[in-house]
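I opened my notebook today to look up a few points of packing, and I wrote down each one as I went.

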Amino acid sequence: MAEVVAGMNEVEQVRADVEQLATVIGPRHPGLPAALERARDHISSRLSACGLEVRIEAFSGMANVIATVPGRGPGTLLIGAHYDSVPDVVGAPGADDNASGVAALLALAARVTREPLSCSVRIVAFANEEGMRWGRERGGSWHHAGHAPRPDAALILDALGWCDLRPGSQAWPAWWMPWVHGTRGDFLCVQAAWRDRALARRCASAARRAQMPVRGCWWPGQTWQMMGDQESFHHHGVPVITLTDTDRFRNPRFHKPSDRSDTLDYGFLVRAVEAAWLMLPELARRPGGPTAG
Ligand SMILES: [Zn+2]
């Protein structure tokens, strides 16, 4: 796992990316357009350093950052993470939510560039996921899902840097969930809509080969997980999986000024990258095709 990337191993690299976004740049949302632009510049330069051609997808005065890694065959898998931070809390730097997801996205971009998949991989950093609370059409993912060529599947990375081994550290949105999933916030969560449960189950099995506990969450009628970037692709008929530490249900610093880069568990974050990496062949199996479970 400790592969050397341009002189840094993966742990050092994800930490450097989170620090750049959350500490050096800090809060970044539509009310702070210069900070959003700096974040975009950082993401663009990191993707360029992988040898990728970077494209900016502008919408409503904001922009997504896109780079595509060609595959060995047909099909496209999208991997996305939002790079904005919450706009309605002053001074909230968004380290876990979602500099950690962007750092994982960049780490995966580097891995896929070195070792292409059977299908093409479209890497997208989304603007304004946090703004979707005031209307989903404001989100960069909503714009992308509605305008860009439809990918065959999507993987969303949202909050991947918080781990707490203590019993009672994990909360859940429904009373019965602690009985199923426990109360220790030490696992990676693979979440999906009921519609995509077969794909999610395969992804969770693959992710368990990383050295971390993985729990799969999919059930009919769920709502808390269907917000933000996952919803954008779900609505547009794309099979979509989200990888997360469950943010608000685990991290007491969620959407607060204390969501700082020095509070994250970077060992957990690189294990999440490894888990995502192990999931990619499942997601690249053309979920709509005959191999789908
Ligand atoms: Zn988020």
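Which residues does alanine 276 touch, not counting residues up to four places away in sequence? I listed Ala104, Leu108, Leu155, Leu157 and Leu243, taking two residues to be in contact if their C-beta atoms, placed from the backbone, lie within 7 Å.

I noted that this is a predicted model, in which local features need pLDDT of at least 70 and side-chain atom pairs count only at pLDDT 80 or more, while totals for chains, interfaces and linings use all residues. Residues are numbered from 1 along each chain as its sequence is written.

Next I looked up the largest nonpolar core (buried Ala, Val, Leu, Ile, Met, Phe, Trp, Tyr and Cys residues joined through C-beta atoms within 7 Å; buried means that 20 or more other C-beta atoms lie within 10 Å of a residue's own). Of its 83 residues, Ala104, Leu105, Leu155 and Ala276 touch the most other members. Helix 3 (residues 95–114) gives the most to this core, with twelve residues; helices here are DSSP runs of H or I with at least four residues, and strands are runs of E with at least two, numbered from the N terminus.

Then I turned to helix 6 (residues 197–207), whose buried residues are Leu199, Ala200, Arg202, Cys203, Ala204, Ala206 and Ala207. I found that what covers these buried residues includes strand 10 (188–192), strand 11 (214–217), strand 12 (240–244) and helix 8.

Note on methods
Buried ≥ 20, exposed ≤ 12 C-beta atoms within 10 Å, placed from the backbone.
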